[in-house]
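Student: I should like to go through the empty spaces and the ligand site of a model with you, asking at each step what justifies the terms. May we have the structure before us?

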Amino acid sequence: MTDHIRPQPGIMEIALYQGGASHVAGVTDAVKLSSNENPFGPSEATKDAFRRAADKLHRYPSTDHAKLREAIGEAHGLDPARIICGVGSDEIIHFLCQAYAGPGDEVVFTEHGFLMYKISARAAGATPVSVRERDRTTDVDALLAACGPATKLVFIANPNNPTGTMIGLPEIERLADGLPDQAILVLDGAYAEYVEGYDGGAALATVRPNVFMTRTFSKIYGLGGLRIGWGYGPQAIIDVLNRIRGPFNLSNAQLEAAEAAVRDGDYVEKCREENARLRTWLAKSLAESGLPSDTSTANFILARFADEAEAAACDAFLQARGLIVRRVAGYGLPHCLRITIGDAAACRLVADAIRDFKGQT
Ligand SMILES: *Cc1c(COP(=O)(O)O)cnc(C)c1O
């Protein structure tokens, strides 16, 4: 009977991804700080480009994304031929797993790493391997020790989500140098723009045959709802990924909005500065209320509570005030809450609520 109809191995082991909540029962204007979205949204130039794309809805989009790749190349000083664009960086992660990992192969990532690595590894039939971190930070020695003849991909998000921590370029180079020959190091730079002067690993991916970088328009560019990401790396890897990419994977609206966004460097800089300023302020406020966090390099703070019960109680307390943050038990951090840096008003509301919560316990 239906026993004969079965999905590929690994697929039924995928736990469905839970997005950040956006509603609280009984609250009309909840403040959403659960998905690391840019509180200021996309730039005006980006919204204008999106609106203009309405006139081209009947036209098929570009299949080679040449204009967007050129704009990205210009903004980041990269060769457009070595760039691939996808439906969020999620799709690039998916392409990497589909192309390079299958049954019997291992996909390595860190203990508190992004859940998509595991989901995409399983979807490809490969075996996910989670490696412990040291004080919520990527541990290069532990990663190297976990690699072997079956390792095909090693993913690290730098800065990492949900910890907010990052490792420096010398450590990344040591990781790239120590990997087995058949393994690709993927540097997920979803939050790279939040770190002043950090190239997301682009320079390394330019010169090393085994380093690949993924980036997104979902975070600092404020385009999470539009779904655009990209990858950059060795030409040989790009050529492989393009074979499994759907020819029309991105719409005109996605391509044109992203092009306007990446050309608007002033807006990115403004968002980076505002985020850094508010992040410092919020971390200090939380610390003064007795709530510690690691120094974050991204657009969120991972607040650490005494235990899971206290984290859950604070989450409920915040929700009652219409503030939605993220529980991160699924990332192995049940005693923590991840709080996205909102605008100044949202940061103040969170700081006040946490002060009141800590004051009553
Ligand atoms: C948000 C995020 C992404 C971005 O995913 P998109 O599919 O581009 O929206 C990638 N990696 C990490 C670690 C993230 O937190």
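Student: What makes the lining of the largest cavity divide into 6 nonpolar, 4 polar and 1 charged residues?

Tutor: The classes are fixed by residue type: Ala, Val, Leu, Ile, Met, Phe, Trp, Tyr, Cys and Pro count as nonpolar, Asp, Glu, Lys and Arg as charged, and the others, Gly among them, as polar. The lining includes Pro39, Phe40 and Cys271, which are therefore nonpolar. Glu274 is also in the lining and is charged by that rule. The model is a predicted one, in which local features need pLDDT of at least 70 and side-chain atom pairs pLDDT 80 or more, while totals for chains, interfaces and linings use all residues. Residues are numbered from 1 along each chain as its sequence is written, and side-chain values use heavy atoms, without hydrogens and water.

Student: Why is this space called a cavity, and the other a pocket?

Tutor: On a 1 Å grid over the protein atoms alone, a cavity is a set of points where a 1.4 Å probe fits but cannot get out; a pocket is an open set with protein on both sides within 12 Å along at least five of seven lines, and lining residues have an atom within 4 Å of a point. The search of the whole structure finds 1 cavity of 30 Å³ or more, and the largest has a volume of about 80 Å³. The largest pocket has a volume of about 520 Å³. Each volume is the space filled by probe spheres set on grid points, which are joined across faces, edges and corners.

Student: What lines the largest pocket?

Tutor: Its lining has 27 residues, with Tyr17, Ser35, Phe114, Lys219 and Arg227 nearest the centre. They divide into 8 nonpolar, 11 polar and 8 charged. Helix 3 contributes the most, 4 residues.

Student: How do you know where the ligand sits?

Tutor: A molecule sits in a pocket if more than half of its atoms lie within 2 Å of the pocket's grid points. The ligand sits in the largest pocket, so that criterion is met.

Student: Which residues around the ligand come nearest?

Tutor: A residue is near if one of its heavy atoms lies within 4 Å. There are 13 around the ligand, and Ser89, Asp188, Thr216, Ser218 and Lys219 come nearest. Helix 3 (residues 88-100) gives the most to this shell, with 3 residues; helices (H or I, at least four residues) and strands (E, at least two) are DSSP runs numbered from the N terminus. By class, the shell has 4 nonpolar, 5 polar and 4 charged residues.

Student: What makes the approach to tyrosine 191 a polar contact?

Tutor: A polar contact is a pair of N or O atoms within 3.5 Å. A ligand oxygen is 2.7 Å from an N or O atom in the side chain of tyrosine 191, so the pair qualifies. Polar backbone atoms of serine 89, at 2.6 Å from a ligand oxygen, and of aspartate 90, at 3.0 Å, also satisfy the limit. The protein covers 94% of the 380 Å² of accessible area that the ligand has on its own, by the Shrake-Rupley method with a 1.4 Å probe.

Conventions. Polar contact = N/O pair within 3.5 Å; in protein donor to acceptor, adjacent residues only side chain to side chain.
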